[in-house]
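Let's take a walk through a protein structure together, one stop at a time. Keep the 3D view open and turn it as you read.

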Amino acid sequence: MGAGWATSVGFYSLFPWAMPGSIREKGTEDTQVIRSMRRTKEVSLLRLGVTGIISKENKSHFFNMEIPGTERARFIQYTFDAKLGFEGKEVTIKKTDENTFDITIPEFKFIGYDDPEYRVIVEQNGALSFGTQQIDSLDMINNILTDKAKKEYVDSNRDILEEQAKSFYTSIVNSISPETKLHFTFQQAKE
């Protein structure tokens, strides 16, 4: 029996394609290609840890009347880290006096996000929901980070972003020349 086992292990080691599917190790494969790389000069000033719940409901109707028992509902919890900042290459620095500079910071923007996680926490289907349109989780997820939501993240944190930008440039300049004075101007997004 031991010789048979050793022979089969040796055979399958030499010819793995001959191994029956029932004893072959199952796994997943992920192949990636980096198709481009681009240098950016974005300055990330603030990282927000965002958690939320998004929900969607569908119901069937008959002549504008809701049919009881046909409802579908899905609730998705999401978390991600949002990065807010500005385009560093658009900053202008002008000398106004011997030890004074004016620094103009471009409009703040949503730079990106990291560590997204999404999971369905509740799904409800009524007894007669088989005729009601399915709820697409991917469509719900795509509606979390809309342009409007990104703008709201920036607008609601504008004071902190301005303070961080001042601190960022002041610490650089003061490490070289502590007596230098900086005056900041912040560009606002056009409505």
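**A guided walk through the fold**

Our starting point is Ile 53, which is exposed, with a relative accessible area of 54%. The model you are looking at is a predicted one. Find Ile 53 in strand S1, which covers residues 42-58. On the surface, Ile 53 joins Ile 121 and Val 122 in a nonpolar patch of about 230 Å².

Now zoom out to see the whole chain. How many helices and strands does the chain have? There are four helices and eight strands. Reading from the N terminus, the order of the elements is α-β-β-β-β-β-β-β-α-α-α-β. The chain has 191 residues, and 27% of them are buried. About 14300 Å² of the chain is exposed, with carbon and sulfur atoms supplying 52% of that area. Among the contacts with a separation of 6 or more, 75% are made by residues 24 or more positions apart.

Next, let's look inside. In soluble globular proteins, nonpolar side chains tend to be buried together. Here the largest nonpolar core has 25 residues, and those touching the most other members are Phe 80, Leu 84, Phe 86, Ile 105, Phe 108, Tyr 153 and Tyr 169. Two or more residues of this core come from each of these elements: S1, S4, strand S6 (100-105), H3, helix H4 (158-176) and strand S8 (181-186).

Phe 80 makes a good place to pause. Is Phe 80 buried or exposed? Its relative accessible area is 2%, so Phe 80 counts as buried, the cut-off being under 20%. Leaving aside residues up to four places away in sequence, Phe 80 touches a set of residues that includes Leu 48, Val 50, Tyr 113, Asp 114, Ile 144 and Tyr 153.

Two of these neighbours bring us to the aromatic rings. A pair of aromatic rings is described by the distance of the centres and the angle of the planes. The structure holds nine aromatic pairs. In one of them, the ring centres of Phe 80 and Tyr 113 are 5.9 Å apart and the planes meet at 65°, so the pair is edge-to-face. Because Phe 80 sits in strand S4 (residues 72-87) and Tyr 113 in strand S7 (residues 109-125), this pair ties together parts that are 33 residues apart in sequence. Tyr 113 is partly exposed, at 40% relative accessible area.

Phe 80 also forms an edge-to-face pair with Tyr 153, with 6.4 Å from centre to centre and 80° between the planes. Since Tyr 153 belongs to helix H3 (residues 147-156) and Phe 80 to strand S4, the pair ties together parts that are 73 residues apart in sequence. Both Phe 80 and Tyr 153 are buried. Elsewhere, ring pairs link Phe 86, Phe 108, Phe 168, Tyr 169, Phe 184 and Phe 186 into a cluster.

Let's turn from rings to charges. Side chains of opposite charge can pair when their charged atoms come close. The structure holds nine salt bridges. In one of them, Asp 114 meets Lys 83 at 3.8 Å, N to O. Asp 114 is in strand S7 and Lys 83 in strand S4, so this bridge links distant parts of the chain, 31 residues apart. Asp 114 is partly exposed at 26% relative accessible area, and Lys 83 is partly exposed at 22%. Asp 114 and Lys 83 also belong to a network of salt bridges with Arg 47 and Asp 81.

Which residue does Glu 87 meet in a salt bridge? The partner of Glu 87 is Lys 109, at 2.8 Å from N to O. Glu 87 lies in strand S4 and Lys 109 in strand S7, so this bridge ties together parts that are 22 residues apart in sequence. Glu 87 is buried, with a relative accessible area of 13%, whereas Lys 109 is partly exposed at 27%. Another salt bridge joins Lys 59 and Glu 57 at 3.4 Å, N to O.

Our last stop is Ala 127, found in the loop between S7 and helix H2 (137-142). Ala 127 counts as exposed, at 74% relative accessibility. Its C-alpha atom is separated by 9.7 Å from that of Arg 72, a residue 55 residues away along the chain.

Key:
Residues numbered from 1 in each chain as written. Predicted model: local features only at pLDDT ≥ 70, side-chain atom pairs only at ≥ 80, totals over all residues. Heavy atoms only, no water. Patch = residues over 30% accessible without salt bridge, like charges linked within 9 Å, V, L, I, M, F, W, Y side chains within 5 Å. Areas by Shrake-Rupley, 256 points an atom, 1.4 Å probe, with all protein chains shown as cover. Salt bridge = Lys/Arg side-chain N within 4 Å of Asp/Glu carboxyl O. Buried < 20%, exposed > 50% of the residue type's maximum accessible area, 1.4 Å probe, protein only. Phe/Tyr/Trp six-rings, centres within 6.5 Å; stacked < 30°, edge-to-face > 60°. Core = buried A, V, L, I, M, F, W, Y, C linked by side-chain atoms within 4.5 Å. Contact = heavy atoms within 4.5 Å.
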